[in-house]
Amino acid sequence: MLSVYEFLKEMTATRGISGDEAPVAEKIAGAFRPLCDEVTVDAMQNVVARLGAQGPRVMIAAHLDEIGLMVSQIEEDGCLRVTSVGGVDPRILPAGRVTVYTQEGPMPGVIGAIAPHLLTAEDRTKNYKMQDLYVDMGLPESRVRQLVHPGTQVALYGPVRALKNGRYASKTVDDRGCVAIMLRAAELLKNTKIGVQALFVATSQEEVGSYGAHTVAWALDPDLGIAIDVTHGEMPGCEPGQTHPLGKVVLSQGPYIDRKLHRRLTELCKKLRIDYETSVAPRNTWTDADDIQIARAGVPTALIELPLKYMHTTVETFCADTLEEAARLLAALLAQLGEEEETP
C-alpha cells in the first residue's frame, strides 16, 4: 500500500523546478508502472499513466513541477543573486536552506541578507525584495564560477516532517501531494476492471503557465477532465471564504467547471460520507483545469482540491486523511463512470 509519507519524502526531495522536471518525471513514472497498463513521458516531461484499455478517455491531472529560484548573477565574493521561477515570495527566503544544482551535482547553500544591525531604521521597516537576498555556498568566487552560471537552478529545502493529528509539513506538496492522490487512486483500482481509460497525468510547467496541461490535453483529446490541485487551508487572520478546513476535500464550482461533473462529485461525497466543501471560482481557477477545459473542441472538466496551509513555502501543511479521502473519491468516480454505457 502507498505510504504517503515515504512517497512525499522521496518526491519532494527530487529535482523538478518548472522547465527542469525530467528527474522527478522519471521517478513518478516509475511509481505508476506497477499500477497501470502503460506509462509514457512526453517531450514536455508530462507523465501519462493509462489504466484501462477501452471506453471514454478521462484525463486526471496534477502537476509535478515546483517553484524555485534561478541564478541571475555571481557577486565578487562568490555569492549568488537569484530570481524566482514561479511564485516565490521573497519574504519567506531569508535564513532558508537551498540546493544549488551545479555542474558537479547538487550542493548546499543558505540564503543571506544584510543583518538588521547594519540597516537604517527606515530599511528595517521594509519587506525583503529578491534583489536584497543572495545564496551563499561558502565557496570562493573562482570555484563558484566553475560550478555555477546564470540560469543554474536553485531549489528550496524543506523535507517532510510529521506533525501531530495526521498533519505533515513539507515543501512541494503543491502539487506532488496531489500526484500522490492520483497514485493512491490507481492503487485502489488496480484489481478492478473499469470501463474507462483513466489517464493519470503528472503535468509539467503549471507554476509558470500550465503549459504541460495545455499540450498534453491537446495530445490525449480526453472526453472528460479532472484537475487536482491545492487550495488554501484555514489559517488565523484570513477572511471567511478565503480558506477551507484541512479535514475537508474541496470541490470547485464556477464558469470553467462542468456543472454536471461537479454535481456527480458532490453526490459521490454524500454517498461515501466524505466531508467536502465547495469553493467558488468566479473566473479562472489558476490550475490545470483552465487549460484542460478549452483543449481542442472543449473538455467537460471538474476540479478537486486539497487544502493546505502556508502555500508556496517550505512548510506547506496538509492532512493525510484528506488526501486519502480525495483518492477514494477519485477512484469511486472512475469506477462509476465505467459502469455506464455512455460518457455523461
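Helices α1 and α4 are oblique to each other, a label for whatever is left once angles under 35 degrees count as roughly parallel, over 145 as roughly antiparallel and 65 to 115 as roughly perpendicular. The model is predicted, so to speak of local features takes a pLDDT of at least 70, side-chain atom pairs count only at pLDDT 80 or more, and totals for chains, interfaces and linings use all residues. Residues are numbered from 1 along each chain as its sequence is written, and side-chain values use heavy atoms, with hydrogens and water left out.

Back to the helix pair: the axes of α1 (residues 4-11) and α4 (residues 173-189) come within 10 Å and cross at roughly 135°. Axes here are lines fitted to C-alpha atoms, for helices over the stretch in contact, with angles from 0 to 180 degrees between N-to-C directions. Helices (H or I, at least four residues) and strands (E, at least two) are DSSP runs, numbered from the N terminus. From α1, Phe 7, Leu 8 and Met 11 meet a set of α4 residues including Arg 176, Val 179 and Leu 183, contact being heavy atoms within 4.5 Å.

Just ahead in numbering sits some strand pairing, which takes at least two DSSP bridges between two strands. Strand β10 (residues 161-162) runs antiparallel to β11 (residues 167-170), with two bridges; one of the partnerships is Ala 162 with Tyr 168. Four residues separate the two strands of this hairpin, and in the turn Asn 165 has a positive phi of about 65°. β11 also pairs with β17 (residues 316-319), again antiparallel, over four bridges, and there Ser 170 stands opposite Glu 316.
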